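Biologist: Please take me through the pocket in this model, and then through the parts of the chain around it. Short steps would suit me best.

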Amino acid sequence: MASWGMTTPGTLHRPPRRPGLILGLLALSQVGVAWLWWRFGWTAGLPAMLATHLLVVWATLYPRATLFCPALSRLPTHARVVWLTIDDGPSIDTPALLDLLDRHGAKATFFVVGERALAQPAMVQAIRDRGHGIGNHSATHPDTRFWRLGPGALEYEIGQNQSILTAITGDTPRWYRSVVGMTNPFVGLSLKRHGLARVAWSARGFDGVDCQLEQVLARITRDIQPGAIVLLHEGAAHGHNVAILARLLAWLDAEGYRAVLPESDARPLVAAAA
């Protein structure tokens, strides 16, 4: 019987286990750099400093990096299923997106921004009532500075949104997506505190910025394979997000893919892969 590879459904949700250990190792690495500089001079110390700093920058900016905390980038299955994830709502696009998903029998997880949820709590509840998932995407979406926030600011962004979404829906979010995919060394502390698992992606079309419909679809579909996690957006200024989802859902139908939620569709997924 085929399954999700070496992973069982219960292990998909993986909050960080030892984020403090990672921070300790990072601090220890800089002690090592200082020792190298003292013992051998800049010829050894400078390359070591550059290497450790570049590693931190890479792990912060690369959305699928797992140095600081685990990230789920695809579903471990051979079934023709994908996980649609829609960031930055709720927005003016949300009702149309929900109608599209209903018409195609598709499910998605909406990664919601707290202050936008407070402005439209009924829309957040509608997402939940129509059978979709709701994930944590920060309280204020500080996209230009999220990468450099310290522990206190990150706890506000993540913890405050957790409280907002729980109060609106009655359910505590289990999934988290970093703003612009950035994950600095302190993010794991809040994720562990709130039992959140980080979700990255394996297919994206760059639809959150100014874009052309055909280019976005081409970028997404070339990376679609069984278990793909698809990054989409709503409410972007270019106004194409609804049309992008409509075209993508039609393409998925034509190719025999289903859009599912891992937390509720684990058993059907295994059966479909058999």
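**A close look at the pocket and its surroundings**

Modeller: Take the lining of the largest pocket: eight of its residues are nonpolar, six are polar and eight are charged. Keep in mind that this is a predicted model.

How much space lies in the largest pocket? The figure is about 410 Å³. Rolling a probe the size of a water molecule over the atoms shows where empty space is left. The lining is made up of 22 residues. Nearest the centre of the pocket lie D88, H141, V180, G208 and H233. Two elements each give two or more residues to this lining: β1 (81-89) and β7 (228-233).

Now follow β1 to its partner. Strands β1 and β2 pair in the parallel sense, with five bridges between them. One such contact is easy to find: L84 has A108 of β2 as its bridge partner. Helix α3, residues 94-103, belongs to this story too. Together, β1, α3 and β2 make a right-handed β-α-β unit.

Is β2 buried or exposed? Strand β2 covers residues 108-112, and five of its five residues are buried, so the rest of the structure largely encloses it. Look at where the side chains go. A108, F110 and V112 point one way. T109 and F111 point the other way. All of them are buried, whichever way they point. There is a general pattern behind this: in a regular strand the side chains alternate between the two faces of the sheet.

Strand β2 has another neighbour. It runs parallel to strand β3, residues 133-136, and four bridges join the two. Here V112 has N136 of β3 as its bridge partner.

Next come the charged side chains. The whole structure holds six salt bridges. Start with the one that involves β1. D87 and R177 meet through their side chains, with N and O 2.9 Å apart. This pair links distant parts of the chain: D87 sits in β1, while R177 sits in the loop between β4 (175-176) and α7 (187-194), 90 residues apart. Both D87 and R177 are buried.

Return to helix α3 for a second salt bridge. D99 pairs with R130, and their closest N and O atoms are 2.6 Å apart. D99 is in α3, but R130 is in the loop between α5 (121-129) and β3, 31 residues apart. What about their exposure? D99 has 34% relative accessibility, so it counts as partly exposed. R130 also counts as partly exposed, because its value is 28%.

R130 has a further partner. It meets D102 in a salt bridge of 2.7 Å, N to O. R130 lies in the loop between α5 and β3 and D102 lies in helix α3, so this pair ties together parts that are 28 residues apart in sequence. D102 stands at 37% relative accessibility, so it counts as partly exposed. Put the pieces together: salt bridges with shared partners join D99, D102 and R130 into one network.

To retrace the path: β1 gives residues to the pocket lining. It pairs with β2, and β2 is joined to β3. The helix α3 of the β-α-β unit carries D99, one end of a salt bridge to R130.

Conventions. Residues are numbered from 1 along each chain as its sequence is written. This is a predicted model: local features need pLDDT of at least 70, side-chain atom pairs count only at pLDDT 80 or more; totals for chains, interfaces and linings use all residues. Side-chain values use heavy atoms; hydrogens and water are left out. On a 1 Å grid over the protein atoms alone, a cavity is a set of points where a 1.4 Å probe fits but cannot get out, and a pocket is an open set with protein on both sides within 12 Å along at least five of seven lines; lining residues have an atom within 4 Å of a point. Grid points are joined across faces, edges and corners, and a volume is the space filled by probe spheres set on the points. Ala, Val, Leu, Ile, Met, Phe, Trp, Tyr, Cys and Pro count as nonpolar, Asp, Glu, Lys and Arg as charged, and the others, Gly among them, as polar. Buried means under 20% relative accessible area, exposed over 50%, partly exposed in between (1.4 Å probe, protein chains only). Two strands pair if DSSP finds at least two bridges between them. A crossover is right-handed if, with the strands pointing away from the viewer, the path from the first strand over the helix to the second runs clockwise. A salt bridge is a side-chain nitrogen of Lys or Arg within 4 Å of a carboxyl oxygen of Asp or Glu.
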